[in-house]
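Here is my note for you. Keep the structure open and go through the points in order.

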Amino acid sequence: MTKIEQAFQLFDAYNQQDPSEVIWDGNRYPSEYFYAIQLYEWVKKLNPEASEPLLLASRCQHIGRWEIDRKTYPDGRVGYLKWRNDLSHFHAQKATEILQSLGYDADIIARVNEIVLKKRLKTDTEVQTMEDALCLVFLSFQYDDLIKKHEEEKMIGILQKTWAKMSEKGRQVALSLTYSEAGQMLLNKALKGAG
């Protein structure tokens with residue numbers, strides 16, 4: 001087994017501990033394990049020549065996410081942003097520990113951390129690929145569930161923020177996805193408003 005395969009195995013084993021589940025095509029998966037696999041697949045589709053650090057980062061981007069509960073932070077945007085920031089550093093730390101245990105070079109670990117922490121978004125092409133992939137995972141697997149939880153106006157805002165994070169290439173891929181009737185209608189309204 002190659003070193004990258006060993007890393008994937010350790011990342012996946014960690015994420016398989018997630019107590020929450022996703023049911024997809026009639027099968028049950030630990031949530032973060034499922035999303036990590038989907039993120040990895042999207043990164044490979046967006047960049048078939050993806051570097052080893054980008055592939056590693058895609059598989060550990062949200063490693064152990066369930067371990068820091070949103071409910072332990074204050075409500076509102078400030079609490080949300082603090083939670084997201086703390087989570088990002090937690091993911092980077094977990095990834096570092098696992099990669100160090102496999103004897104990865106410090107340079108590769110540092111690069112994985114840059115991608116996980118989304119440093120230089122919009123100017124670093126690999127970080128942008130990761131962001132596009134994250135948005136595509138959301139649109140492919142989480143979007144319809146979110147529609148059921150939020151009012152139309154809030155969903156339009158979420159979609160406009162998602163769109164703003166994506167590159168032109170990511171947006172083109174997003175437009176090629178198949179959406180539910182409600183999902184397509186909201187996306188059309190969001191893009192009309194964004195334009």
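**Notes on the model**

1. **The first cysteine.** C60 is buried, because its relative accessible area is 0%. Keep in mind that this is a predicted model. How far is the sulfur of C60 from the closest cysteine sulfur? The distance is 18 Å, and the partner is C135. That is too far for a bond.

2. **The second cysteine.** C135 is in no disulfide either, and its nearest cysteine sulfur is that of C60, 18 Å away. C135 is also buried, with a relative accessible area of 4%. How many disulfides does a search of the whole structure find? The search finds 0. A disulfide would need the two sulfur atoms within 2.5 Å.

3. **Helix 4 against helix 5.** Two packed helices are described by the angle between their axes and the distance between the axes. Start with helix 4, which covers residues 76–101. Its axis comes within 9 Å of the axis of helix 5, and the two cross at roughly 155°. That angle makes helix 4 roughly antiparallel to helix 5. Angles over 145 degrees count as roughly antiparallel. The crossing of helix 4 with helix 5 is right-handed.

4. **Who meets whom there.** From helix 4 come S88, H91, A92, T96, L99 and Q100. From helix 5 come I109, V112, N113 and V116. How do the residues of this contact between helix 4 and helix 5 divide? There are 5 nonpolar, 5 polar and no charged residues.

5. **Helix 5 against helix 6.** Helix 5 spans residues 106–116, and helix 6 spans residues 125–149. Their axes come within 9 Å and cross at roughly 50°. That makes helix 5 oblique to helix 6. Helix 5 passes helix 6 in a right-handed crossing.

6. **The residues of that contact.** R111, E114 and I115 are the helix 5 side. E126, V127 and M130 are the helix 6 side. This contact divides into 3 nonpolar, no polar and 3 charged residues. Set that beside the contact of helix 4 with helix 5, which has 5 polar and no charged residues.

7. **A leucine in helix 3.** L56 is found in helix 3, residues 52–60. Is L56 buried or exposed? L56 counts as buried, because its relative accessibility is 0%. Setting aside residues up to four places away in sequence, L56 touches I4, A7, F8, F11, L99, Y104, I108 and V112. Two of these names came up earlier: L99 in helix 4 and V112 in helix 5. L56 is 59 residues from I115 in sequence, yet their C-alpha atoms are 9.6 Å apart.

8. **A serine in helix 3.** S58 is found in helix 3 too. It is buried, with a relative accessible area of 0%. Which residues does S58 contact, leaving aside its neighbours within four places in sequence? They are A36, L39, Y40, V43 and M130. You have met M130 already, in the contact of helix 6 with helix 5.

9. **A buried glutamate.** E131 has its place in helix 6. A glutamate counts as charged. Even so, E131 counts as buried, at 3% relative accessibility. Apart from residues up to four places away in sequence, E131 touches K118, L121 and K165.

10. **A glutamine further along.** Q142 also lies in helix 6. Its relative accessibility is 28%, so Q142 counts as partly exposed. Beyond residues up to four places away in sequence, Q142 touches Y35 and V137. Compare Q142 with L81: they are 61 residues apart in sequence and 20 Å apart in space, C-alpha to C-alpha.

11. **Two positive phi angles.** Check the loops. D25 lies between strand 1 (21–24) and strand 2 (27–30). Its phi is near 50°, a positive value in a residue other than glycine. D25 is exposed, with a relative accessible area of 70%. R120 is found in the loop between helix 5 and helix 6. Phi of R120 is near 60°, again positive in a residue other than glycine. R120 is partly exposed, with a relative accessible area of 45%.

Terms used:
Residues are numbered from 1 along each chain as its sequence is written. This is a predicted model: local features need pLDDT of at least 70, side-chain atom pairs count only at pLDDT 80 or more; totals for chains, interfaces and linings use all residues. Side-chain values use heavy atoms; hydrogens and water are left out. Axes are lines fitted to C-alpha atoms, for helices over the stretch in contact, and angles run from 0 to 180 degrees between N-to-C directions. Helices (H or I, at least four residues) and strands (E, at least two) are DSSP runs, numbered from the N terminus. Angles under 35 degrees count as roughly parallel, over 145 as roughly antiparallel, 65 to 115 as roughly perpendicular and the rest as oblique. A crossing is left-handed if the near helix is turned anticlockwise from the far one by less than a right angle, and right-handed if clockwise. Contact means heavy atoms within 4.5 Å. Buried means under 20% relative accessible area, exposed over 50%, partly exposed in between (1.4 Å probe, protein chains only).
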